Amino acid sequence: MTVNRQVLFASRPGGGSGGWVTEDNFRLVESAPPAPGEGQVLVRNHWLSLDPYMRGRMDEAKSYAKGAELGQVMVGGTVGEVLESRSPRFKPGDMVVGALGWQEYAAGDAAAISKIDAAIAPASYYLGILGMPGVTAWMGLLDIAQPREGETVVVSAASGAVGSVVGQLAKIKGCRAVGIAGGRAKCDYVAGELGFDACVDYKASRLHVNLKEAAPKGIDVCFENVGGEIFDTVLRLMNPFSRIALCGLVSEYNATEPYAMKNLRSVLVNRVRMQGFIVSDRMQLWPQAIGELAGWLKAGRLKYRESVAQGLENAPAAFIGMLKGQNFGKQLVKLM
Ligand SMILES: NC(=O)c1ccc[n+]([C@@H]2O[C@H](COP(=O)([O-])OP(=O)(O)OC[C@H]3O[C@@H](n4cnc5c(N)ncnc54)[C@H](OP(=O)(O)O)[C@@H]3O)[C@@H](O)[C@H]2O)c1
């Protein structure tokens, strides 16, 4: 008999008062695969995406999206194969991307999943560079911050799923790309393999001095993924009329208190434009973004790296590891 393994959201971090997520917050269970209803498809998930936003879904605090529900399958993006279809839009064998959660089999509404073309790129890329993280990079940089040739773009979490694409897009647009990442190995990869002009290791001391050296003409665009002290330090170097695309604050997701910014005055005196954004707000831009990213990928102008955990049972540890910076590139779980 086929068994469906699922990871449920079992309890809130810190009993609901925030703090670090632990493996106890999840529970692995087994059940029979579901039968698809009318308009649904049964999917065997091959890949699960692990993303920082999932930490936010584990809190009760009001946010831009509904939280994960206790006792239910943990939310998450997936890529898999259609085994059975009760929708004219899909047939068995189709490869699809959707948000079918931390489980091996799922019955998904046909309206909420999309076919992918595994001839263009490996299926897992549709959870990364050709999926939500890639579109986030494209949207925040090209649609919101709109860098001009010759400008300096700084991006934090630069070796990660979003940040690695941001810096490479900045290079394609003729900018100086400066990354911020944790540790020598990540910085060597960002500056060496991804082709950024410089990468500053925030774990080495003197972040402000090193960033100033890496961005000698100041910063025109900040693509912010991390928040906290790193973002506060970047603010000190913003140029007049520069832009900030505020994408994420991963350093604060497991904190019990928000970081208190010290350098907001820079936003005022430099007339900086800062815009927060959520990639799902403008779904109409996704086809253009994915089309352009696929074109640059095919032309060899974008490089991409994945961290792969094996098996659903290892998803909680890999998720916690990703929030601690143990991933190197897009964090995925291989489910078969
Ligand atoms: N607005 C949107 O629609 C949207 C969509 C997708 C993602 N995001 C945001 O984009 C950001 C990056 O997401 P991703 O999927 O690309 O993740 P990722 O960068 O692949 O992985 C997370 C990285 O965050 C860094 N990090 C964690 N804690 C940190 C800390 N205390 N200080 C500095 N860096 C820390 C680590 O890199 P280091 O080892 O370099 O520290 C870690 O590898 C997140 O903030 C996420 O919430 C936003």
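This passage looks at the ligand's surroundings and at one pair of packed helices. The model is a predicted one, in which local features need pLDDT of at least 70 and side-chain atom pairs count only at pLDDT 80 or more, while totals for chains, interfaces and linings use all residues. Residues are numbered from 1 along each chain as its sequence is written, and side-chain values use heavy atoms, with hydrogens and water left out.

Around the ligand sit 27 residues, of which K186, Y202, N225, Y253 and N327 come nearest (a residue is near if one of its heavy atoms lies within 4 Å). The shell breaks down into 18 nonpolar residues, eight polar and one charged, with Tyr among the nonpolar types and Gly among the polar ones.

Ligand oxygen atoms pair up with the protein at several spots. One is 2.5 Å from a side-chain N or O atom of Y202, and N225 offers a polar backbone atom at 2.7 Å from a ligand oxygen. For G182, a backbone N or O atom lies 2.8 Å from a ligand oxygen. On its own the ligand exposes 900 Å², and the protein buries 91% of that (Shrake-Rupley areas, 1.4 Å probe).

As for the helices, α2 and α3 (residues 163–172) pack at about 45°, their axes 8 Å apart.

How values were computed: A polar contact is a pair of N or O atoms within 3.5 Å; within protein, one must be able to donate a hydrogen and the other to accept it, and residues adjacent in sequence count only if both atoms are side-chain atoms. Axes are lines fitted to C-alpha atoms, for helices over the stretch in contact, and angles run from 0 to 180 degrees between N-to-C directions. Helices (H or I, at least four residues) and strands (E, at least two) are DSSP runs, numbered from the N terminus.
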